[in-house]
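Thanks for coming. I have two short items today, one side chain and one pocket. Here is the structure.

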Amino acid sequence: YGNRWDRGDTSYGLITSAGYDNSWQTKRGLKQDGRLGLGQALVLGNDFEFVSTQNDLRLHALLGLGAEFENAEVKLTSMYIRSSSKEARRENGFNASQGADVVRDSLEWIERGLWTNQLEGTQEFSDSFKGAFRGSYSKADRGSPYERSVQYRDFNLDKVIEYDDQQGRNLTRFSDIKDTVKSAGADFTWLVDGKSDYTLKAGYAYTDTDRDSAQRDYRLLEL
């Protein structure tokens with residue numbers, strides 16, 4: 001939605017947009033790779049079948065405001081984006097490096113977000129002196145409320161799958177990253193004696209970035 005209103009020497013504008021999407025997808029397939037064996041013959045290495053179901057949720061919104069005066073102009077833009085992805089996945093087949101059949105189960109839940117705002121404007125103080133201003137504030141985050149992976153392996157090559165407690169093959173993880181960015185700036189232009197042949201310019205810019213992150217990994221051991 002967008003609109004513009006004129007009131008004398010002043011104009012106001014508005015634009016908005018929003019969207020939402022929720023989708024599901026299931027994939028099945030093969031994951032295989034090869035290697036060179038005796039006589040440079042191509043030999044099948046890892047040989048896995050997999051099935052994956054993923055749910056993606058996306059939300060976004062945009063707001064724009066503006067005003068034009070006789071000697072000035074101001075604009076504000078704000079945008080919000082949020083997405084959530086959840087996946088359940090199973091792989092089973094032959095692992096060449098381990099020389100055995102394995103089953104891998106994994107769950108993944110990832111949340112991502114972005115909120116950004118920008119304010120900018122111009123001001124004509126006189127015919128020879130003008131200024132431009134800007135400022136922004138943004139926050140972004142990526143969180144993993146739950147990640148889980150576990151592997152089962154045929155240790156004795158007897159078609160009996162047992163829990164594999166080796167590090168890196170069973171893992172529960174929780175993580176979170178947050179970024180905050182602030183910036184501001186101003187520029188000024190002065191036409192000396194009102195003549196465009198001589199111009200003085202000055203400006204200032206400020207930026208501050210802050211990040212907080214945390215991650216916790218847990219592993220279940222077989223007793």
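The side chains of S11 and D6 are joined by a polar contact of 2.5 Å. This is a predicted model, so please take that distance as a computed one. S11 has a second such partner: a polar contact of 3.3 Å links its side chain to that of R4.

Where does S11 sit? The residue belongs to strand β2, which covers residues 10-36. Is S11 buried or exposed? Its relative accessibility is 12%, and because buried means under 20%, S11 counts as buried. Leaving aside residues up to four places away in sequence, S11 touches R4, W5, D6, G66, A67 and E68. So R4 and D6, the two polar partners, also appear in that list of contacts, where residues within 4.5 Å are counted.

Now the second item, the largest pocket. Its volume is about 210 Å³. The lining is made up of 13 residues, and those nearest the centre are R104, D105, S106, S149 and V150. Three elements each give two or more residues to this lining: β4 (72-95), β5 (100-124) and β6 (129-153). Which of them gives the largest share? That is β5, with five residues.

As for the chemistry of the lining, seven residues are charged, four are polar and two are nonpolar.

To recap, S11 is a buried residue in β2 with side-chain polar contacts to D6 and R4, and the largest pocket takes the largest share of its lining from β5. That is all from me.

How values were computed:
Residues are numbered from 1 along each chain as its sequence is written. This is a predicted model: local features need pLDDT of at least 70, side-chain atom pairs count only at pLDDT 80 or more; totals for chains, interfaces and linings use all residues. Side-chain values use heavy atoms; hydrogens and water are left out. Helices (H or I, at least four residues) and strands (E, at least two) are DSSP runs, numbered from the N terminus. Buried means under 20% relative accessible area, exposed over 50%, partly exposed in between (1.4 Å probe, protein chains only). A polar contact is a pair of N or O atoms within 3.5 Å; within protein, one must be able to donate a hydrogen and the other to accept it, and residues adjacent in sequence count only if both atoms are side-chain atoms. On a 1 Å grid over the protein atoms alone, a cavity is a set of points where a 1.4 Å probe fits but cannot get out, and a pocket is an open set with protein on both sides within 12 Å along at least five of seven lines; lining residues have an atom within 4 Å of a point. Grid points are joined across faces, edges and corners, and a volume is the space filled by probe spheres set on the points. Ala, Val, Leu, Ile, Met, Phe, Trp, Tyr, Cys and Pro count as nonpolar, Asp, Glu, Lys and Arg as charged, and the others, Gly among them, as polar.
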